[in-house]
Each structure stands twice: as structure tokens, then as C-alpha cells.
Amino acid sequence: MHLGCRIFVGMLWLFALMQSSACAFSLRRNTVVPLPRQRQFSFPLRVAIEDGNNMQTELEGGEAYNNGKDDTKRIMRPIRRLKRNKKVPLIAIVGRPNVGKSALVNRIAGTQSGGAIVADESGITRDRTYRPAEFLGEKFQIVDTGGLVFDDNDAIFAKEIREQAMIAIDEAAGVILVVDGQCGLTNMDQELADFLRKQITREIPVHVAVNKCESEKTGAVAASEFWSLGLGEPFAVSALHGVGTAELLETMFESIQQKKTAIQGFGTKAKRLAEVKQKMKVSSKRRLPGETEDEALLRKYGLGPTEESVIAEYEEALAAFDEEEQAEEIGVAIIGRPNVGKSSLLNTLFGSTRAIVSDVAGTTRDSIDAFMERPAPEGTNEPPTIYRFIDTAGIRRKGKIDFGPEFFMVNRALRAIRRADVVLLVLDATAGVTEQDRILAQKVADDGRACVLVCNKWDAVANKDSTTLDKSVKYLREELPQVRWAPIIFTSAATGQRVGKIYGVVDEAISAHRKRVSTAVLNEVLRDATLWQPPPSKRNGSQAKIYYCNQVSTRPPTIVVFCNDPSMINDTYRRYLDRKFRESLEGFEATPIRWIFRGRRNRDIMRQKNMNGNPGDGGAGTSFPFPYAE
């Protein structure tokens, strides 16, 4: 019996032990482990609601739900080519190869540095390029074209260059035929002049510019030979020194006024201002320009225009020189290695042959600008969104580039990155990522430009399945860590696959590039990041301390972090902060974040040292920055 009692008591004790263990286990399982305090945002709550018409709306901060039938809803309009401003006429520069057309364009546009590529060999310019210019207060555009050759066997890409030049002539309000004064009249000059005289001069004014006439004595003699072209007076000019360009443009403006190929009043701003200035000289006894005999007689006896009316005319003439407000342009540079499909992508976006495309690497020479426009949403007063796409030459490795045309081609491509807001880094889906792609990605990140990875030639990838896309994304993230934050889009310029989605990705990249976050939110994220991973320390025991941060600028977002010693913040911790900020904050997916670590100044440190002394010592502390106070 005693044995049975002992067994019974033991079973009770075991049962109680099991119950207590289960309770303890449940308590441990439900125990809340204290974690670093998470950031709290006061942003409006966004809830996606899908109604019966499959239309998604958003609720923000207690706004009433709208079923999508509101007339004020923003309706995005389709993207189209930017309509050319009729107030800014075009002047086309044409001629045979190697006569100095690009040099003359640089002289008129004032872009001797960074303008059209100029070299002593023919065939440098292939596509048509547009440059803004101004003369006598009149704004116009100068169009550079390739050398015109009517025989396709005489030059490479002769047919494509001729097509580009014909488009420029059709758009132009005036044409300047450039010839070589040192070589004299040639058969190609005569053929081109005959074409212009028979086909173009009926509607558009055409003038002859005899280039390479630096000497005033021999220049007129060299130019006299070109009277036989039948295009009027030839002008002796020098694109290198600027001789004769003013007379050429003045005559071109007068011809445009006579032919009425531009808006009414083009080229008359300077004349109008000079006439009004003469009217202000009421003591003048001679007849003023633009004044009739009756007006001169009335003015002689003090019965002419009043002083107020003359001043009003002067102010009106002066106001004509004021610059009009231009809409903001979003610069989108298309860069990449040679022959990856940059020009084909530009043509697909533009909807026509804007750039010459071929299988030969290095077809594109100059940077080519193409403008697209997204009109403002209906019912709004917002300005339209203008996209400036910049096609660039392929960039090879630095060791393979010799000083010459290719050097300037790469120079223009790198400048296009710096003057763009978003960079489309085009990759070849069939070739994978190369070392040059990594160099270009690092260049984009260093320049602080928003970036989008465009994996072109996706239609040429063989044996695609449901996992090919995910594997490709993972591959690009691993091979291009310099722009791990950049969105990826797989396109085909040949078929147009997903090319239209580039506009949406560019808009998101622009929003991220110009994003600004309040200091309070940034410091919440910074505190969480430093709690999860403290700043690094040295072997001697010194610890890096991070105090606070704030965003000082955009394009790209620049964050200044104040710490005790910036030298202790290594690259690993910088990358950690960059990753934590991107994980915690939305909107930085397509832009680099520039980090600046700044140490505390000695002035701030001294201010903390015994400003008023210790308690009980009678206020014997040092009052900095007033060291002479007692």
C-alpha cells in the first residue's frame, strides 16, 4: 500500500511538473522581446479599392470614396512628338563632304567647344543635329547635315545621309549651301546647286557661303567663281575666324522676310528698335526711317507723336527681346557599348528614322536629340511634360580609343550623361554584362544621375521559359552592383516590345531623383539603423558616433550625416546605411543617394565644455566663444 501511495504521489508530481513546463513554455512563447522602436509615419493612409468596374481608386486621410465617375479625374493623354515652335525657324546647312559645314554650325551657334564634331576627314557627320542660335535678338535653330552625295557608291551611308539632309531641307525656312573656296568649284557643287535651284528656291531662300576665305583680299576673288551656280551673290566666310557670317545671316533674314517662310516680323527686332531710337531724337531735322512726309512735316512743327507714345513704342520694341519662359525638359540620355541597339531604341521611341541604324559598330557619331511631349491631363492647368532623348555614340574601353573622331564621340557621350536627368543604360541581352558595362554603370552612379537598365534584344534570347526573366534579373543584380537600385526593363527595339513602358519608368525615376524627405523621418530611420548595427570602432576602443542627419539637396538626394569622426565610417557601413534607408523609405528605387559624413566642428565641442562651470564652483567656467569675458 505504501508503494502504491508513493507511485500515485509520483504521478501527481510528474503531472504537475508537466503542467508547469507547459505554462512556462507558453509564457516564453508569448513573451514579447523588446526590439528597437520602429519609425512611425504620419502619412495619409492609402487603401486600394477595386469596384465593380475594375477601377482602382485611393482613399487619403478620410476623403470620400469616389467610384471613378468624377469628371475631374486625371486622364493621361498619349505621348507624341513635340511640335516645333513656329516662332523659332530652322536654317539648314548643306553641302558636299568636308567643306566645313559643322565648323560653320559651331561658329553660328557659338558651340566651338562641345558642339558638332569637326575633323579633317570626310564623313564625320551623318545624322542631322539641331543647335540653338541667336543673332540680332532673333532666336532660330541651325541644322547640321552630312555631306550630300548623289552617287551611293561614293561614300558610306550615302543614301541614309541624303535622306536626313532632305528632311532638314523640308523643315527649314532657309538653306545655306556651303562650298570650299580653296578647292574651287567642283562637279558635286554644281549638281547640288542645280538641285537646290530647281527644287528648293521656289519656296525657300538659298544662299551660298564660300568657306575657308580667311583673307579679305583673296576671299572676294575666290568667292566670285561661284556666281556661276545661279544662286545669287556668294558670301566669302570663314567658319574658323567668323569672317562674313554676320553679313550672311543678315541677308538670310531679309530673304526669309521676303519669302515669308517664317512668322511675320521675324528678323525685324533690331530694325524696329533702331527706328524707335531715332524717333526719340525729336530734334532731328531729317526724315526718320519708316516715317512718311506728312509725319515728318507734322513733327517739324511739333505736331507729331507725343512723348508718351514714343516711349511706349520704345518699351514695346525693347520688350520684344525678352526671353519667353520655356517649359522644363526631362533629359534622358541613352548610353551603352557600341552596337547594342541605342539608335534603334531612339527610332522606336520617336516613331521614325531619327538616327541612322546599321549593323556596323560606331554608326552614330554626334549626340542626337529627339523631343517627345506628353500633353497636360485634360481639365488641368499643368504644363506638358517634355522629354529630350539624347542618343549617344557607343563607348568602348579607354585603351582602344585613339585621339581623333572617336575620342570626341566618347567625349560627347559622357557630356550627355552630365546634362541628363535620367540615363538609360542599354545592355545586350544576347551578350550579357561586360566589364565596359560595369564601368559605365559606375560612371552614372558617380555623376549622380537616375538610372534605368534597359536589356535590349530580348526577342533574340533563345529557349525562354517562365523562369528566364527572374534569372535574368538576378544575374543583372549580381553583375552590376554599382546600380543595384536601378529598375530593369527587358525590351526589343526591333519589335517594339515593352518600349512604351520606358516613359513610366522614366517618370518614376524623375520623381525619385527629386524626392525630399523630412529631417524627422530621416533621423527615425537613422536611429533604427544604428540600433540594429552600431557604427564601426577601432582596436584602441574608440567608437564612431552618429548624431543626426538631414537632406540638403536633391538631384540626386544628398544626405549629410554628422558624426564624431568621418574617417571611422568605412565603405561597408556606408553601403549598410544606403540599404537600410532604401528598405525603410519608399521612392528611392531609381536614384543614387549621395552620402556626406561630416565631423563636429571644434566650436561645437568647446561649447559643451563647462560653459557655466560646474555646480558649486561659483560660475568659474569658460564662456566660449567669448574668451575674454570674466
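## Strand E6 and helix H11 in a predicted model

Strand E5 (residues 129–135) runs antiparallel to strand E6, and seven bridges join the two. The model under discussion is predicted. Between E5 and E6 the hairpin has two residues, and Leu136 adopts a positive phi near 55° there. Within this pairing, Thr129 has Asp144 of E6 as its bridge partner.

Strand E6 also pairs with strand E4 (residues 90–95), here in the parallel sense and over four bridges. In that pairing Ile91 is matched with Ile142 of E6. Strand E6 itself, residues 138–144, is mostly covered, with five of its seven residues buried.

The two pairings of E6 are set out below.

| Partner of E6 | Sense | Bridges | A bridge pair |
|---|---|---|---|
| E4 (residues 90–95) | parallel | four bridges | Ile91 and Ile142 |
| E5 (residues 129–135) | antiparallel | seven bridges | Thr129 and Asp144 |

The second element is helix H11. Its 14 residues (405–418) should span 20 Å at 1.5 Å a residue, and the end C-alpha atoms are 20 Å apart, so expectation and model agree. Which residues of H11 are buried? They are Met409, Val410, Arg412, Ala413, Ala416 and Ile417. These residues lie on the same side of H11, because they cover an arc of only 155° around the axis. An α-helix has 3.6 residues a turn, so residues three or four places apart point the same way.

The buried residues of H11 pack against three strands, E10 (329–336), E12 (385–391) and E13 (422–428), and against helix H12 (435–446).

Definitions and conventions. Residues are numbered from 1 along each chain as its sequence is written. This is a predicted model: local features need pLDDT of at least 70, side-chain atom pairs count only at pLDDT 80 or more; totals for chains, interfaces and linings use all residues. Side-chain values use heavy atoms; hydrogens and water are left out. The expected span of a helix is 1.5 Å times one less than its number of residues. Buried means under 20% relative accessible area, exposed over 50%, partly exposed in between (1.4 Å probe, protein chains only). The arc is that of the directions from the helix axis to the C-beta atoms. Contact means heavy atoms within 4.5 Å. Two strands pair if DSSP finds at least two bridges between them.
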